[in-house]
Amino acid sequence: MYFISSFDYTGDEMKITNKKLKNWVQKMATLCQPDRLVWLNGSNQEKRRLETEAVKSGELVKLNEKKWPGSFYHRSHFLDVARTESLTFICTKSQEEAGPTNNWMAPSQAYAKARPYFQGAMKKRAMYVLPFSMGLVNSPFAKIGVQLTDSLYVALNMRIMTHLGEAALKKLGPEGDFTKCLHSKANLDEKKRLILHFPEDNTIWSVGSGYGGNALLGKKCMALRIASFMGEKEGWMAEHMLIVGIEDPKGRITYLAAAFPSACGKTNLAMLIPPEIFRKKGYKIWTVGDDIAWLRIGKDGSLYAQNPETGIFGVVPGTNNKTNPHAVATMRKNTIFTNVLLTKDRSVWWEGVKGPAPQEGISWKGEPWRPGLTDEKGIPILGAHPNSRFTAPLIQCPSFSKHYFDTKGVPISALIFGARHASLSPLVYEARDWEHGVYVGASMSSERTAAQVGKLGEVRRDPMAMLPFCGYNMAAYFQHWLDIGKGLKKPPRIFHVNWFRKDPQGRFLWPGFGENIRVLLWMLDRLNNRVPAKEIPIGLIPNKTDMNLTGLNMSDEQWDALFQLNREEWLKDLNNQKEFFATFGRGLPEEILGQQEKLLQKLK
Ligand code: OXD
Ligand code: MN
């Protein structure tokens, strides 16, 4: 029968004092029928053992140690390369609680549907037991989870992405509660894939996928969907936000948190390297987090943020020494690459990396690849999947902030919402106040990227970039945002940015990447009341003279094109917003509709 095996392979018996945990593990093992249970303690010795096993089983390929020390390559099933939102469900007792933006299934139905998929799914496999904390274990932010998985790839990724190991178990103690995360790749059958969240049971069941966002349950599933549900009950927020600090020449650091839809440059902004003219003056950017922020009201009435993760699960294509040198440095060692091109000398390559493409390699689909290869329609065949990823410890990032470790979090002075729009929204605008800012976030929309299955480029509404990640009714979520604002003595200012605006020829109007610091510094000037702003119907925009554009050679026409407000387009967007907001019925806070009405009047 099943027994709790040694905690580590060294034979040290692991003391599991939490009865609930023991019972749950036994019950899930009885369902999934693994050969053995392996409890992880997070040690380095254990890491090496798991890596060796994963290489032996073929789950990982050890990369060229000289080029990529401590790093591995993984190829997922070719139909399992992005989050599958259509198979992701919030399983609350009432559908109302999940709201109109989430797929919903009643808990009893969801458990009944998934149980047969888990039944015996781990035969001839190990079940790895991963105790982890999201948030620094010794901080008030910490939430404990335990993931069961039959995937070594998942186990090794979770080691990078979460505070995994003995300390999390200690924190849990004999009585503590934890998020019960059950995962099995089963046979990776898309038809038997489900990502189920039971916020009322503090439980996640994910089956049939090995892809990061579906399978690393500490990340999107727990730290966003389950955590957002907890946050609403407990008075804090879980957001799809990066956290950065901007250090000025006097050494003062101002922290910002920014929400962008997936694959819209959060990692790039989190690791921004200021152009030389700003570096020379003494500006620096510090990275606290690149994907998720947990936010709490501090004793002083300010908003504080902590990054609950320990690693980066970043998009690879397009990453190079020009677009994101810090990401390149971060992935130099101890990294797991997923679905990029594997070369003959066990190195990796992807589209958009600097330098010549290798003469040959194995593509993300596991097929032979060479530069210039096209399909029968003449379309280039990619070596790396557009959503190929790297998983690396955040601490390896050259701009890693030591304040990541501040247990009370870092104080947030501004929140940014970002979109990918070819037109519509200007480069930057500021909300008039918190309530207006909540509306700006709630009415966000963006063009679809490769991070989720679906049609690329299609514009969809994505409130606060949380559409795929909010674990409860978004009408209540908007209300929660409004309520948090009321609890803040000094609410952060709220801005909206769009780095992706294009001219009629389809060329980007703004250089983006490191140059985005210019926009951030304008925000700092606004926070410190150093510059006025120009009022337009949607909010406050900069005067050209108030943004440092030195070296950009930007003409007045270009500037105007970045900020041009197309009333027709906005009115059309307002109609689209109306349809979207109408799906919430009477639950939608009236402040949202009030703000929308105000905008309509201003536009008219
Ligand atoms: C991610 C995503 O992986 O948002 O961070 O899809
Ligand atoms: Mn994300």
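**Note on the predicted model and its ligand site**

1. A polar side-chain atom of Arg-83 is placed 3.0 Å from an oxygen atom of ligand 1. The model under review is a predicted one, and this contact serves as the starting point for the description of the ligand site. Two further residues take part in a similar way: Lys-220 brings a polar side-chain atom to 2.9 Å from an oxygen atom of the ligand, and for Asp-291 the corresponding separation is 3.2 Å. The protein covers 95% of the 210 Å² of accessible area that ligand 1 has on its own.

2. Which residues come nearest to ligand 1? Of the 10 residues around the ligand, these are Arg-83, Lys-220, Ser-262, Asp-291 and Arg-389. By character, the shell divides into five charged, three nonpolar and two polar residues.

3. Confidence should be considered before the details. The chain has a mean pLDDT of 94, and 96% of its residues reach 70 or more. Over residues 1–12, however, the pLDDT is below 50; this stretch nevertheless has 40 contacts in the model beyond near neighbours in sequence.

4. Is helix 14 largely enclosed or largely open? The helix spans residues 517–527, and 10 of its 11 residues are buried, so it is largely enclosed by the rest of the structure. The buried residues are Ile-517, Arg-518, Val-519, Leu-520, Leu-521, Trp-522, Met-523, Leu-524, Arg-526 and Leu-527. Just after the helix, Asn-529 adopts a positive phi of about 55°.

5. Positive phi values also appear in two loops. Most residues other than glycine have a negative phi. Gln-33, although not a glycine, has a positive phi of about 55°; this residue lies in the loop between helix 1 (19–32) and strand 1 (36–39). With a relative accessible area of 23%, Gln-33 is partly exposed, because the partly exposed class runs from 20% to 50%. Asn-553, likewise not a glycine, has a positive phi of about 60° and is found in the loop between strand 31 (539–541) and helix 15 (556–563). The relative accessible area of Asn-553 is 73%, and the residue is therefore exposed.

6. Thr-319 belongs to the loop that joins strand 18 (311–315) to helix 11 (325–330). Its relative accessible area is 6%, so Thr-319 counts as buried. Which backbone oxygen does the side chain of Thr-319 reach at 2.7 Å? That atom belongs to Val-316. In addition, a polar atom of the Thr-319 side chain lies 3.3 Å from the backbone oxygen of Val-315. Not counting residues up to four places away in sequence, Thr-319 touches Asn-324, Ala-327, Val-328, Met-331, Trp-350, Gly-352 and Val-353.

7. Gln-596 is situated in helix 17 (residues 590–603). A relative accessibility of 4% places Gln-596 among buried residues, because buried means under 20%. When neighbours within four places in sequence are left aside, the contacts of Gln-596 are with Tyr-439, Leu-574, Gln-577, Lys-578 and Phe-581.

8. Lys-284 is part of strand 15, which covers residues 284–289. Is this lysine buried or partly exposed? Lys-284 counts as partly exposed, at 40% relative accessibility. Apart from neighbours within four places in sequence, Lys-284 is in contact with Gly-245, Ile-246 and Glu-247. The C-alpha atoms of Lys-284 and Cys-397 are separated by 14 Å, while the two residues are 113 residues apart along the chain.

9. Leu-87 occupies the loop between strand 3 (72–74) and strand 4 (88–90). Its contacts, leaving aside neighbours within four places in sequence, are Asn-103, Glu-190, Arg-193, Leu-194 and Ile-195. Between Leu-87 and Gly-366 there is a C-alpha to C-alpha distance of 25 Å, and the two are 279 residues apart in sequence.

Technical notes:
Residues numbered from 1 in each chain as written. Chains lettered and ligands numbered in written order. Predicted model: local features only at pLDDT ≥ 70, side-chain atom pairs only at ≥ 80, totals over all residues. Heavy atoms only, no water. Near = heavy atom within 4 Å. Polar contact = N/O pair within 3.5 Å; in protein donor to acceptor, adjacent residues only side chain to side chain. Areas by Shrake-Rupley, 256 points an atom, 1.4 Å probe, with all protein chains shown as cover. Nonpolar A, V, L, I, M, F, W, Y, C, P; charged D, E, K, R; others polar. pLDDT = per-residue confidence, 0-100. Contact = heavy atoms within 4.5 Å. Buried < 20%, exposed > 50% of the residue type's maximum accessible area, 1.4 Å probe, protein only. Helix = DSSP H or I, 4+ residues; strand = E, 2+ residues; numbered from the N terminus.
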